[in-house]
Amino acid sequence: MGAMRLTQVTTAELDRLEFHAVRSGEHGRIAAQLLDLANRVDAGSEVTRAELFVRAGEQWEIAQEFERACAAYQRAMDDGGPTVVDARALSAGALLQLDERERAYDHLKRLESGPRAGLATHIHVAEVLYAHDDLEEAERWATEGARRFAGGALPAYVRDLFVELLRIRFRIRTDLGLSEDDLDRRLDEE
């Protein structure tokens, strides 16, 4: 039995695969391909093993295969490598789709007790909770993320994420009937 050949995966290759999934609708096939790449990726790859597991999970979710998505997110959590959106947040969303609220909220509690989550993770959690009618928690997550990044100058990419989070937060707060606050006014300045 021969040794498995390790491979490198670039962001451009990942983008091509995901674009093909959107164009073709073959999300399940692309998810399987991403899992295969994750199992073979070299440690020095531009795209990490954990990120490939996360992207596979996202494709499984689009294909409405939430159990498979959860399994891919669990692989990313077990791997522990860096990801754009924390795998625990993504797993919470897939678990909510499966109506497994307790397990989903356990992931969110663990996420909050660990190192601070990035803006992309706060956006994801706020959107998922909003979609599942937990407006108070969605607003709390959006506010926490926005307050954390509100001070100081932000690089353009981070600023775009910050503005996106402010917009989501404003929509949630409007639905909750809350009055405008300093972060809502900050949205007018951006």
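**Exercise 1. The core**

Which residues of the largest nonpolar core touch the most other members?

Solution. The model is a predicted one, in which local features need pLDDT of at least 70, side-chain atom pairs count only at pLDDT 80 or more, and totals for chains, interfaces and linings use all residues. Residues are numbered from 1 along each chain as its sequence is written, and side-chain values use heavy atoms, with hydrogens and water left out.

Step 1. Fix the terms. A nonpolar core is a set of buried Ala, Val, Leu, Ile, Met, Phe, Trp, Tyr and Cys residues joined through side-chain atoms within 4.5 Å. Buried means under 20% relative accessible area, exposed over 50%, and partly exposed in between (1.4 Å probe, protein chains only).

Step 2. Read off the members. The largest nonpolar core has 57 residues, and Leu34, Leu52, Leu108, Leu111, Val125 and Leu129 touch the most other members.

Step 3. Take one of these residues. With residues up to four places away in sequence left out, Leu52 touches Val9, Leu14, Leu34, Leu37, Ala38, Val41 and Val47; contact means heavy atoms within 4.5 Å.

**Exercise 2. Helix α7**

Determine the span of α7, its buried residues and its packing partners.

Solution. Step 1. Helices (H or I, at least four residues) are DSSP runs, numbered from the N terminus. Helix α7 covers residues 119-131, 13 residues in total.

Step 2. From first C-alpha to last, α7 reaches 18 Å, close to the 18 Å expected at 1.5 Å a residue. The expected span is 1.5 Å times one less than the number of residues.

Step 3. Of the 13 residues of α7, 10 are buried, so the helix is largely enclosed by the rest of the structure. The buried residues are Leu119, Ala120, Thr121, His122, Ile123, His124, Val125, Ala126, Val128 and Leu129.

Step 4. These buried residues pack against α5 (87-97), α6 (101-113), α8 (135-149) and α9 (156-176).

**Exercise 3. Two aspartates with positive phi**

Where do Asp99 and Asp133 lie, and are they buried or exposed?

Solution. Step 1. Asp99 lies in the loop between α5 and α6. Its phi is near 60°, a positive value in a residue other than glycine.

Step 2. Asp99 is exposed, with a relative accessible area of 64%.

Step 3. Asp133 is in the loop between α7 and α8, and its phi is near 65°, also positive. Asp133 is exposed, with a relative accessible area of 66%.

**Exercise 4. Two buried polar or charged residues**

Locate Thr7 and Arg55 and list their contacts.

Solution. Step 1. Thr7 is in the segment before α1 (11-24). At 16% relative accessibility, Thr7 counts as buried.

Step 2. Leaving aside neighbours within four places in sequence, Thr7 is in contact with Leu37, Arg40, Val41, Asp42 and Ser45. Thr7 and Leu37 are 30 residues apart along the chain, and their C-alpha atoms are separated by 7.6 Å.

Step 3. Arg55 lies in helix α3 (residues 49-62) and counts as buried at 16% relative accessibility. With neighbours within four places left aside, Arg55 is in contact with Leu14, Glu18, Leu34 and Val84.
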